[in-house]
Amino acid sequence: MGWAGTELYYTPGSPHCRAVLMCIKALELDVDLIKLDMYQKYEHKKPWFVKMNPQHTVPTLNDNEYILWESRAILCYLVNKFGSSCPKKSQLYPTDPEMRANVDRLLYFDTGTLYKNIVDYFHPQLMSGEYPDDRKANALKQSLEYIDLFLEKTSYCAGPQLTIADFSILASVTQLEGMDYKITAYQNLFAWVEKLKSELPYYEDCNSAGIEMFRAWAKSKNKSYDSKGK
């Protein structure tokens with residue numbers, strides 16, 4: 001499928017970008033992927049990019065001069081615009097109000113609880129060399145326990161079928177691999193991650209290099225962060 005005039009600005013090490021990359025693959029879209037060097041050249045702070053996105057964040061989508069950032073908004077937009085004509089693709093963001101609400105709930109959970117707790121716990125260790133905070137460690141564990149509980153009753157995060165909620169949460173959870181944080185004790189969560197790794201033909205292309213890039217960056221920032229997990 002051609003998708004002329006559409007660009008995605010991204011960096012492979014970002015879980016938010018990896019989620020959008022998986023969605024693009026699932027929708028079989030032809031998108032011009034423009035990689036930004038955020039670690040050495042700080043390309044996201046260049047005037048041309050700040051003009052496009054004043055928050056200078058990735059991923060940023062330019063769909064024929066319609067500019068959109070925030071990964072979860074991009075996920076919704078992509079399926080709404082390009083998945084509606086195909087039942088298999090439209091189910092990634094269902095139109096049924098209850099099913100869509102379940103997806104939305106998981107997207108909000110990811111941004112406000114899961115990913116927030118990942119950042120809250122690891123960022124001070126990586127950026128400032130602080131000692132691990134037990135309270136923040138427990139908050140992260142609680143977030144993972146919630147997902148493990150959600151997956152007791154359903155095959156995927158938001159129900160019986162794959163949705164963009166899975167892309168978003170999978171990207172966040174696998175970011176922990178870059179810090180060697182183990183999730184094997186969360187049996188449902190671990191099984192779900194392993195299932196998607198084998199089930200999604202595009203998982204490797206969209207994720208592995210980015211996780212390794214983040215791992216290298218994290219090690220270069222601080223070699224003593226706590227990666228115990230469970």
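# A first look at this protein chain

Glu70 makes a handy starting point: with a relative accessibility of 44%, this residue counts as partly exposed, because that label covers the range between under 20% (buried) and over 50% (exposed). Keep in mind that the model you're looking at is predicted. The protein chain has nine helices and four strands, and 50% of its 230 residues count as buried. Here's a tour, topic by topic.

**The whole chain**

- Reading from the N terminus, the order of elements is β-α-β-α-β-β-α-α-α-α-α-α-α.
- For 230 residues, a compact globule would be expected to have a radius of gyration near 17 Å, and the protein chain agrees with that, at 17 Å.
- If you follow the C-alpha trace along its principal axes, it spans about 50 × 45 × 25 Å.
- Take the contacts with a separation of 6 or more: 69% of them are between residues 24 or more positions apart.
- The accessible surface adds up to about 11400 Å², and carbon and sulfur atoms own 51% of that.
- There are 27 positive and 29 negative charges, and the mean positions of the two groups sit 4 Å apart.

**Strands and how they pair**

- Strand β3 covers residues 60-63 and strand β4 covers residues 66-69; the two run antiparallel and are joined by four bridges.
- β3 and β4 make a hairpin, with two residues between them.
- One residue in that turn, Asn64, has a positive phi of about 50 degrees.
- You can spot facing residues across the hairpin: Asp63 is opposite Tyr66 in β4, and Leu61 is opposite Leu68 in β4.
- β3 also pairs with strand β1 (residues 6-10), again in the antiparallel sense and over four bridges.
- In that pairing, Leu8 is the residue that stands opposite Leu61 in β3.
- Side chains in β3 go two ways: Thr60 and Asn62 point one way, while Leu61 and Asp63 point the other way, and all of these are buried.

**Lys35, out on strand β2**

- Lys35 belongs to strand β2, which covers residues 32-35.
- Is Lys35 buried or exposed? Its relative accessibility is 51%, so Lys35 counts as exposed, since the exposed label starts over 50%.
- Setting aside residues up to four places away in sequence, Lys35 touches Tyr10, Pro12 and Glu43.
- Lys35 and Leu68 are 33 residues apart in sequence, and their C-alpha atoms are 16 Å apart in space.

**Two buried residues in helices**

- Leu107 lies in helix α5 (residues 97-128).
- Leu107 has a relative accessible area of 4%, so it's buried, as the cut-off is under 20%.
- Which residues does Leu107 touch, not counting residues up to four places away in sequence? They are Arg72, Leu75, Cys76, Ile164, Ala165 and Ser168.
- Leu107 and Lys153 are 46 residues apart along the sequence and 18 Å apart in space, going from C-alpha to C-alpha.
- Ser172 is part of helix α7 (residues 164-175).
- Ser172 is buried too, because its relative accessible area is 1% and the cut-off is under 20%.
- Ser172 is in contact with Pro15, Arg72, Asp110, Leu114, Tyr115 and Ile118, once its neighbours within four places in sequence are left aside.
- Arg72 shows up in both contact lists, touching Leu107 and also Ser172.

**Backbone oddities in the loops**

- Val58 and Pro59 are joined by a cis peptide bond, with omega at about 5 degrees.
- Where does Pro59 lie? Pro59 is in the loop between α2 (47-52) and β3.
- His56 lies in the loop between α2 and β3 as well.
- His56 isn't a glycine, yet it has a positive phi of about 40 degrees.
- His56 has a relative accessible area of 28%, so it counts as partly exposed.
- Back to Glu70: you'll find it in the loop between β4 and α3 (71-82).
- Glu70 isn't a glycine either, but its phi is positive, at about 80 degrees.

Note on methods. Residues numbered from 1 in each chain as written. Predicted model: local features only at pLDDT ≥ 70, side-chain atom pairs only at ≥ 80, totals over all residues. Heavy atoms only, no water. Rg over C-alpha atoms; globule rule 2.2 N^0.38 Å. Buried < 20%, exposed > 50% of the residue type's maximum accessible area, 1.4 Å probe, protein only. Contact = heavy atoms within 4.5 Å. Areas by Shrake-Rupley, 256 points an atom, 1.4 Å probe, with all protein chains shown as cover. Lys, Arg positive; Asp, Glu negative; His and termini not counted. Charge placed at Lys NZ, Arg CZ, Asp CG, Glu CD. Pairing = 2+ DSSP bridges.
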